[in-house]
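Biologist: Can you walk me through this one? I'd like to start with the strands and then look at charged pairs.

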Amino acid sequence: MSTVKFVHTADWQLGMKRHVLGERHSSFDDARMDSVRAIVARAEEEGVDFILAAGDVFDDNTVATQYVMRALSVLGETQIPVYILPGNHDLFSAGTVYESKTFKNYRPSNVHVIESIEPVQVREGVEIVGLPVVSKYPLPADLEELGGKFSTSGDEGIRILALHGGTDLVFSGSDEDDEDDGQFSIAGMERLITSGAVHYVALGDRHSVTELGTTGRIWYSGAPEVTAFDDREKDSGQALLVEIDSDDCSVEAFRTGSWKMMRIDADLDSEGDLELLKSRLDGTGDKEKTIVKLTLNGTVSLELGRNLDQLVEDYAELFANVRVRKASTLVRRPEFDDISDLFSGYARDAAEDLTEMSIAGGADARTAEDALGLLYRLSRAEAES
């Protein structure tokens, strides 16, 4: 058996939208393309035989032309062969991006799409069999059939199986709460490995780097740039360098991404708690490439709530974005001084009514708290002007 070295990657999701970024979305797009450049750069540095993208190179089949052209331009800057397996986002079905005029016109000669389950010869003695996704709801795969598709057998060559989707034991995608469809059997993949029918299984769809089974040869590569918050996506922003020889398979994850999407949970009851939150935000590096979602719990005065609102507003400018989750249970309870020192007349009556509504609870409590906070901020701004 010869030796083969390649880069295993997946889930580039080019064209992915993050509406929370607004006008800053262009830098998010640039970072995703930079992660592809990082893959190509490492591939050239290592002198790999090929790059294998196991699904979801594009976020959907209606992706804007610019993403297709830019991706093909980056891939065309190397002579290394690139093999793309269509995934559940870029299905190989009617209207697929891979049959579009743009893709066909601008596809460089080193870029190949795995369109069927027939074996693809990378070079003599090295083959890929891939299962392109053709339906949003694929049936469980017949792994034995796929393993039997290779034209090489015994010790004649190296055989790589490329799949995109979930397994029966490890969920797919980026959300731990997703119900897995069990399209692929981990035990079935391990049988192919231990029998020698397959030497490596390259998986896509789960966006965190994940090793499956006990053979050391079945991996999700994860997404090369972050796609979800770190409470759901634990280990993204990487790709895998894989080397296979007659006796061994080595897999090394390497960094390709630059963005972070952080969830921060904070209990706020005092000014000191707010300072701790501020310190944590201040200690975050690469703020311009970091999106933060805050889950805030506790009870704060109107003055502390105003300071919190200002902090969120300010740091939303400093970071790519900072937002407070709707699932937060933070309650704003006015102290005596909040009302007596600031409000008078109709404003004081309104503040007292809103306070009673917020304390009473029920469906209108949160609305009352938000209205009370807004009334307080406007009144303070007027008093300070």
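Modeller: Sure. Strand β1 (residues 4-9) runs antiparallel to β11, and 5 bridges join them. Keep in mind that this is a predicted model.

Biologist: Which residue in β11 is the bridge partner of Phe 6?

Modeller: Val 242 is the partner of Phe 6.

Biologist: What about β11 and β12, how many bridges there?

Modeller: There are 7 bridges between β11 and strand β12 (residues 249-255). That pairing is antiparallel too. One facing pair is Gln 238 and Arg 255, the latter in β12.

Biologist: What do β11 and β12 form, and how many residues lie between them?

Modeller: They form a hairpin, with 4 residues between β11 and β12.

Biologist: Why is β11 described as largely enclosed?

Modeller: Strand β11 covers residues 238-244, and 6 of its 7 residues are buried, so the rest of the structure largely encloses it. Buried here means under 20% relative accessible area.

Biologist: New topic. How many salt bridges are there?

Modeller: The count comes to 13 salt bridges.

Biologist: Give me one in a helix.

Modeller: Take Arg 37 and Asp 34. They form a salt bridge, and their closest N and O atoms are 2.9 Å apart. Both sit in helix α1 (residues 25-46). Because they are 3 residues apart there, about one helical turn separates them.

Biologist: Are those two buried or partly exposed?

Modeller: Partly exposed. Arg 37 has 37% relative accessibility, and Asp 34 has 39%.

Biologist: And a pair from separate parts of the chain?

Modeller: Lys 149 and Glu 118 form a salt bridge, with the closest N and O atoms 3.1 Å apart. Lys 149 lies in the loop between α4 (143-147) and β7 (158-164), while Glu 118 lies in the loop between β4 (111-113) and β5 (120-123). So the pair ties together parts that are 31 residues apart in sequence.

Biologist: How accessible are Lys 149 and Glu 118?

Modeller: Lys 149 is partly exposed at 25% relative accessible area. Glu 118 is partly exposed as well, at 43%.

Biologist: Which residue does Asp 265 form a salt bridge with?

Modeller: Arg 263, with the closest N and O atoms 2.8 Å apart. Asp 265 is partly exposed, with a relative accessible area of 44%. Arg 263 is partly exposed at 25%.

Biologist: Which residues do shared salt-bridge partners join into one network?

Modeller: Lys 5, Arg 42, Glu 46 and Glu 252.

Terms used
Residues are numbered from 1 along each chain as its sequence is written. This is a predicted model: local features need pLDDT of at least 70, side-chain atom pairs count only at pLDDT 80 or more; totals for chains, interfaces and linings use all residues. Side-chain values use heavy atoms; hydrogens and water are left out. Buried means under 20% relative accessible area, exposed over 50%, partly exposed in between (1.4 Å probe, protein chains only). Helices (H or I, at least four residues) and strands (E, at least two) are DSSP runs, numbered from the N terminus. Two strands pair if DSSP finds at least two bridges between them. A salt bridge is a side-chain nitrogen of Lys or Arg within 4 Å of a carboxyl oxygen of Asp or Glu.
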